[in-house]
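Work through the exercises below with the sequence and the 3D view open. Try each task before you read its solution.

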Amino acid sequence: MGRVKQKIGDINEHRAIIKFLKEGYWVFKNISSVGPIDMVLVHEKTGEIRKIDVKTNSYRRSWKPGTKIYRQRTEEQVKLGIELIFFDKEE
C-alpha cells in the first residue's frame, strides 16, 4: 500500500474514533496495524461491544466510472462478528 493510501486510511480511522466517541463509546484501537480489526468499542452506558474495521470507499475509474465498489467482510471477519464502516476520502 502506498503512503498516500495509508495516510487516507489513517485519517478515516481517526474520523471513526471521533464519530464513536461522540456516540458514547470507549474506543480501543488496534495498535499493531495487523489483523482483521481496527478497533473495539464499548458503549459507556449499555456495555454494548462492537468490533470495527474501517474502510475508505473506492469508486471505479473505468467501467461505469464513479460507481462505488462494494467490499464484503472476509470469512474471518464474519466469523468474529466484525462490522465494516465506510468513509469517503476527504478532499
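**Exercise 1. Place Lys89 and describe its surroundings.**

Step 1. Lys89 lies in the segment after S6. Helices (H or I, at least four residues) and strands (E, at least two) are DSSP runs, numbered from the N terminus.

Step 2. Lys89 is partly exposed, because its relative accessible area is 42%. Here buried means under 20% relative accessible area, exposed means over 50%, and partly exposed is in between (1.4 Å probe, protein chains only).

Step 3. Look for a partner far along the chain. Lys89 and Gly9 are 80 residues apart in sequence, and their C-alpha atoms are 8.6 Å apart in space.

Before you go on, note the ground rules. This is a predicted model, in which local features need pLDDT of at least 70, side-chain atom pairs count only at pLDDT 80 or more, and totals for chains, interfaces and linings use all residues. Residues are numbered from 1 along each chain as its sequence is written, and side-chain values use heavy atoms, with hydrogens and water left out.

**Exercise 2. Outline the fold.**

Step 1. Count the elements: the chain has 2 helices and 6 strands.

Step 2. Put them in order. From the N terminus on, they run α-β-β-β-β-β-α-β.

Step 3. Check the burial. The chain has 91 residues, and 30% of them count as buried.

**Exercise 3. Which residues gather in a patch of positive charge on the surface?**

Step 1. Fix the terms. A patch takes residues with over 30% relative accessible area and no salt bridge; like charges are joined within 9 Å, and nonpolar side chains (Val, Leu, Ile, Met, Phe, Trp, Tyr) within 5 Å. Lys and Arg count as positive and Asp and Glu as negative, while His and the chain ends are not counted. The place of a charge is NZ of Lys, CZ of Arg, CG of Asp or CD of Glu.

Step 2. Name the members: Lys5, Arg61, Arg71 and Lys89.

Step 3. Inspect one of them. Arg71 sits in the loop between strand S5 (68-69) and helix H2 (75-80). At a relative accessible area of 36%, Arg71 is partly exposed.

Step 4. Turn to Tyr70, which is also found in the loop between S5 and H2. Tyr70 counts as exposed, because its relative accessibility is 67%. Its C-alpha lies 7.9 Å from that of Ser58, 12 residues away in sequence.

**Exercise 4. Trace three of the salt bridges.**

Step 1. Recall the idea. Side chains of opposite charge can pair when their charged atoms come close. A salt bridge is a side-chain nitrogen of Lys or Arg within 4 Å of a carboxyl oxygen of Asp or Glu. The structure holds 4.

Step 2. Take Glu13 and Lys29, whose side chains meet at 2.5 Å, N to O. Glu13 lies in helix H1 (residues 3-22) and Lys29 in strand S1, so the pair ties together parts that are 16 residues apart in sequence. Glu13 is buried at 12% relative accessible area, whereas Lys29 is partly exposed at 35%.

Step 3. Take Arg50 and Glu83, which pair at 2.9 Å, N to O. They link distant parts of the chain: Arg50 is in strand S3, Glu83 is in strand S6 (residues 82-87), and they are 33 residues apart. Arg50 counts as buried at 15% relative accessibility. Glu83 is partly exposed, with 30%.

Step 4. Take Glu23 and Lys19, with their closest N and O atoms 2.6 Å apart. Glu23 is partly exposed at 35% relative accessibility. Lys19 is partly exposed too, at 33%.

**Exercise 5. What does the side chain of Asp38 reach?**

Step 1. Locate Asp38 in the loop between strand S1 (25-29) and strand S2 (39-43).

Step 2. Check for a salt bridge. Asp38 is buried yet has none; Lys29, the nearest side chain of opposite charge, is 5.9 Å away.

Step 3. Find the contact. The Asp38 side chain reaches the backbone nitrogen of Val54 at 2.7 Å.

**Exercise 6. Examine Thr56 and Asn57.**

Step 1. Thr56 is found in strand S3. At 16% relative accessibility, Thr56 counts as buried.

Step 2. The C-alpha atoms of Thr56 and Asn12 are separated by 7.0 Å, with their positions 44 residues apart along the chain.

Step 3. Asn57 lies in the loop between strand S3 (49-56) and strand S4 (58-59). Asn57 is buried, with a relative accessible area of 14%.

Step 4. The side chain of Asn57 makes a polar contact with the side chain of Asp88 at 3.0 Å. A polar contact is a pair of N or O atoms within 3.5 Å; within protein, one must be able to donate a hydrogen and the other to accept it, and residues adjacent in sequence count only if both atoms are side-chain atoms.

Methods: Areas by Shrake-Rupley, 256 points an atom, 1.4 Å probe, with all protein chains shown as cover.
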